[in-house]
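Here are some short exercises to work through with the model open beside you. Try each task yourself before you read the solution.

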Amino acid sequence: MDIDRAAFRNTMAHFGAAVSIVTTEGPGGRCGFTCTSVCSVSDEPATILACLNRRSQTNPIFRRNGIFCVNVLGTGQEDMSAIFAGQTGEKMAERFLHGTWDALITGAPVLRNAVGALDCAIAETKECGTHTILFGKVAAVRLNSEREPLMYFNRTYHHLGGACMTYRDGHSQTASVS
Ligand SMILES: Cc1cc2nc3c(=O)[nH]c(=O)nc-3n(C[C@H](O)[C@H](O)[C@H](O)COP(=O)(O)O)c2cc1C
């Protein structure tokens, strides 16, 4: 049974998600794309997934290189998200002129002031509808735990305004994070 595509997309738009730039580098070239479809799969071995549109210009490059890095963006990095979503019209090489890029184990570009980075070797790919699921075995991680993540919800960027603590007796307290 097929459901209405617009209804599905509208519902998914209400799933708040962290925003990442997923990058790769190697014989296929260097590229990256803005991505919210990152998910933890397993912690033994440490494995994550990211879903990449089959029609994206970057799709064959990720396959050829066999590696990727998920760079979790922080507040104030909305411009980087727009750049790597292709919304500024910059060519791929020009996009990497923004920000400072390092490498960890695989050689995929790691954004220095991101919230975190998960550097992966592609363990498996699976085609599903419009997208390719990239399963990545995590080879290295980097975390800037003092940074706040950039969130995407209802087609807009958001910042986490406060952290809500719920105690065992059921009472809640919202702490403001500036
Ligand atoms: C907030 C946001 C989240 C996105 N998430 C994904 C995603 O999970 N997977 C994906 O393939 N494209 C995603 N995109 C779209 C890509 O970043 C990019 O715009 C698209 O792949 C077009 O790239 P192309 O120039 O390679 O065709 C997202 C874009 C934005 C702005």
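**Exercise 1. Around the ligand**

Which residues around the ligand come nearest?

Solution. Keep in mind that this model is predicted. Step one is to collect the residues with a heavy atom within 4 Å of the ligand. This gives a shell of 15 residues. Step two is to pick out those that come nearest: T34, S37, N53, S56 and A85. Step three is to sort the shell by class, which gives 7 nonpolar residues, 8 polar residues and no charged ones. Finally, look at the strands: β3 (31-35) and β5 (46-53) each provide at least two residues of this shell.

**Exercise 2. Polar contacts**

Find the polar atoms of C51, N53 and Q57 that lie within 3.5 Å of an N or O atom of the ligand.

Solution. Start with the backbone. A polar backbone atom of C51 is 2.8 Å from a nitrogen atom of the ligand. For N53, a backbone N or O atom lies 2.8 Å from a ligand oxygen. Now turn to a side chain: Q57 places a polar side-chain atom 3.0 Å from an oxygen atom of the ligand. To finish, check how covered the ligand is: alone it exposes 630 Å², and the protein buries 75% of that.

**Exercise 3. The largest pocket**

Where does the ligand sit, and what lines that place?

Solution. First, locate the ligand: it sits in the largest pocket. Next, take the volume, which is about 1,500 Å³. The lining of this pocket counts 38 residues, and R9, T36, S37, H131 and Y152 are the closest to its centre. Then ask which elements give two or more residues to the lining; among them are α1 (5-13), α3 (78-84) and β10 (131-143). The largest share, 5 residues, comes from α1. Last, sort the lining by class: 18 residues are nonpolar, 16 are polar and 4 are charged.

**Exercise 4. Two backbone details**

Which peptide bond is cis at P45, and what is the phi of N154?

Solution. Begin with the usual pattern: most residues other than glycine have a negative phi, and most peptide bonds are trans. Now go to the loop between β4 (38-43) and β5, where P45 lies. The bond from E44 to P45 is cis, with omega near 0 degrees. Then move to the loop between β11 and β12 (156-159), which holds N154. N154 is not a glycine, yet its phi is positive, about 55 degrees.

Note on methods:
Residues are numbered from 1 along each chain as its sequence is written. This is a predicted model: local features need pLDDT of at least 70, side-chain atom pairs count only at pLDDT 80 or more; totals for chains, interfaces and linings use all residues. Side-chain values use heavy atoms; hydrogens and water are left out. A polar contact is a pair of N or O atoms within 3.5 Å; within protein, one must be able to donate a hydrogen and the other to accept it, and residues adjacent in sequence count only if both atoms are side-chain atoms. Accessible areas come from the Shrake-Rupley method with a 1.4 Å probe; for residues, only the protein chains shown count as cover. On a 1 Å grid over the protein atoms alone, a cavity is a set of points where a 1.4 Å probe fits but cannot get out, and a pocket is an open set with protein on both sides within 12 Å along at least five of seven lines; lining residues have an atom within 4 Å of a point. A molecule sits in a cavity or pocket if more than half of its atoms lie within 2 Å of its grid points. Helices (H or I, at least four residues) and strands (E, at least two) are DSSP runs, numbered from the N terminus. Ala, Val, Leu, Ile, Met, Phe, Trp, Tyr, Cys and Pro count as nonpolar, Asp, Glu, Lys and Arg as charged, and the others, Gly among them, as polar. Grid points are joined across faces, edges and corners, and a volume is the space filled by probe spheres set on the points.
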